[in-house]
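Let's take a walk through this one together, starting with a pair of helices and working outwards. Have the structure open and follow along.

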Amino acid sequence: MHTLLLKNALRLVTMNDQREELEGGWLLVKGQQVAAIGSATAPLPQADDVLDMTGHVVMPGMVNTHHHMYQTLTRAIPAAQNTSLFGWLQALYPLWAGLTPEMIRISTCTAMTELLWSGCTTTSDHLYLFPNGSRLDDQIEAATQMGMRFHAARGAMSVGESKGGLPPDSVVEEESAILADTQRVIEAFHDPQPLAMQRVVVAPCSPFSVSRDLMREAAALARATGTMLHTHLAENSSDIAYSRQTFNMTPAEYAEDVGWIGSDVWHAHCVKLDQAGISRFGATHTGMAHCPCSNMRLGSGIAPVRQMVAAGMRVGLGVDGSASNDGSHMLGEARQAMLLGRLLESEDNRPMMQAREVLELATRGGAAVLGRDDIGHLVPGMAADIVAFDLSGIDHAGAQSDPVAALLFCTPQRVACSIVNGRILVRDGHFISHDPICLAERHNILARQLLETA
C-alpha cells in the first residue's frame, strides 16, 4: 500500500477533539487513510513519497455543503446582477432551460477546479433541473473524473408558473418521474460505506417550486434508502411571505409538517428562520448550509450562525451557486463568514466571530451536516483529505505570529497541495491530471452558446 509523508509543517491543524495544532508536525498517509500524526520531536516514519511542508499550514480539506455548479455558466449576467432572489431566478430560468449534458459536465469540472484550488476536498451539489436530456449521471461522471469526494443532490422542480410556483413550466418535471429517477440514481451511485467517494442526496428544490406531496414522498424515499435530505429554506423575506400565503405556516413549521427535520436533513440558507424554528431545528439536530456570499449578493440577510450552533443545529458552510456568489472559493467563503458574523455579533456587543471558529464550521461542521464521521478532521483512521497553504509569500508577510488565523484574516489563497482519498490532485499549486486553462476555454464556448440559445 502506498505511503505519503507530509513533514515540517509550519502548523499542522488536526481539528481533532482537542483541536490540536502542531508546529513542525508531520502526517503519514497510508492508502486512503491517515495512518499517523506526530509532533516536531517525534521520529519521522519512512514513506514512498515525501512532501516538505516548510512554510505551509496543513489542515483537513474543507467541506462545501451547498452549491449549484451549473451556474458557473451564467456568472455576472447583467439582468441578474442587481436583483433579490425571486427576480434573480426569474431572470436566469430562461437561460438555464438551454442546459445540455455537456454543459452539466464541464460546469461541474469548472466548479470543482475552483473548489479544490480553494482548499475544499468534499462537496455537495444541488442540481435541480434537467433539460435537453441532462441527467445527474452527467455530473457524477465529471466528479469521478475530477477525483473529488462528492455528494450529488438529485434536485427537482415540479410546480411551475401555471400551478402557482416560481419557475416556468418548461423547466419542471412530473413528480412520478422525479421519484422514479431519484430511486434509480440512488441504486446506481449511492455508496453508504465509510470513505465513500460518492453519495446521493434526495433534494427537491424549494417550497416555492415543489408540492407538499413531493416533499413528503421524497422524505419517505430518503429514509427508506438511508440517504440524506436537502432543500432551500427561509432564504429571504419573499420566501417567508410565500410560505405564509401558500401553506399558512412559517418555513420551519412547513418543514416539520412534511417531515423535513432531523439529523438526516439539512437546509440551505435559513437566513430568516425565526426563533421557534431555530429552537425546533436545534432540538432535532437539523442541519444548515450557511452561504454568506450569496446571502449578501442577493441582499437576503445574515443568518445567526452562533445562535443556531448553540441551539444544537448542525452548521456548515456553502459557497452556493456560482451565479449568486459568483465564485467557488471555499477559503474565501470562510473569511466572509467570519467577517459577516462579526457584524451580527457587534449589534449585541458579543465577542467577535473567531477565525478558528469558522474554520471548524468549514471542516468538522460541514462533515456533520453531510452526515460524515470519516472526514473533517485529521486523526489515524480518517480519510486522507488534506490541504496545505503556503504562507511564505507576500500576502502573508508579517502574519507568521498566528498562521492559522492568517488564512482568514489575510487574502484568501489557493492551495499549494490538495490530497483527496490519499491521492494528490494539486502539487505545488498545479493540477496533476487536467489543465484549467483548456477547461476554461471550453467552458466559455459553452457559456456563449447558452446565452445565444436563450
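Start where L136, D137 and I140 in helix 3 touch R184, V185 and F189 in helix 4. Sort those residues by class and you get 4 nonpolar, no polar and 2 charged. Keep in mind as you look that this is a predicted model.

Now zoom out a little to see how the two helices are arranged. Helix 3 covers residues 136-146 and helix 4 covers residues 175-189, and their axes sit 11 Å apart at an angle of about 25°. Because angles under 35 degrees count as roughly parallel, helix 3 is roughly parallel to helix 4. As for handedness, helix 3 passes helix 4 in a right-handed crossing.

Helix 3 has another partner too: helix 2, which spans residues 101-117. Here the axes come within 8 Å and cross at roughly 40°. This crossing, of helix 2 past helix 3, is right-handed. On the helix 2 side, the contact involves P101, I104, R105, T108, C109, M112, T113 and L116. Facing them from helix 3 are D138, Q139, E141, A142, A143, Q145 and M146. By class, that contact has 8 nonpolar, 4 polar and 3 charged residues.

Time to leave the helices and look at a sheet. Seven strands make it up, in the order 3-2-7-16-17-18-19, and the sheet is open with mixed pairing. What stands at the edges? Strand 3 (21-22) is at one of them and strand 19 (430-431) at the other; each has a single partner strand, so one side of each is left without a neighbour in the sheet.

Inside that order, have a look at strand 17 (residues 417-420) and strand 18 (residues 423-427). These two pair in the antiparallel sense, over 4 bridges. One spot to pick out is V420, whose bridge partner in strand 18 is R423.

Finally, pull back to the whole protein. In total there are 14 helices and 19 strands. If you drop a box around the C-alpha atoms along the principal axes, the box comes out at roughly 70 × 50 × 45 Å. How does the radius of gyration fit with a compact globule? For 454 residues, such a globule would have a value near 22 Å, and the protein has 21 Å, so the two agree.

Notes: Residues numbered from 1 in each chain as written. Predicted model: local features only at pLDDT ≥ 70, side-chain atom pairs only at ≥ 80, totals over all residues. Heavy atoms only, no water. Axes fitted to C-alpha atoms, helices over the stretch in contact; angles between N-to-C directions. Parallel < 35°, antiparallel > 145°, perpendicular 65-115°, else oblique. Left-handed = near helix turned anticlockwise from the far one by under 90°. Contact = heavy atoms within 4.5 Å. Nonpolar A, V, L, I, M, F, W, Y, C, P; charged D, E, K, R; others polar. Pairing = 2+ DSSP bridges. Rg over C-alpha atoms; globule rule 2.2 N^0.38 Å.
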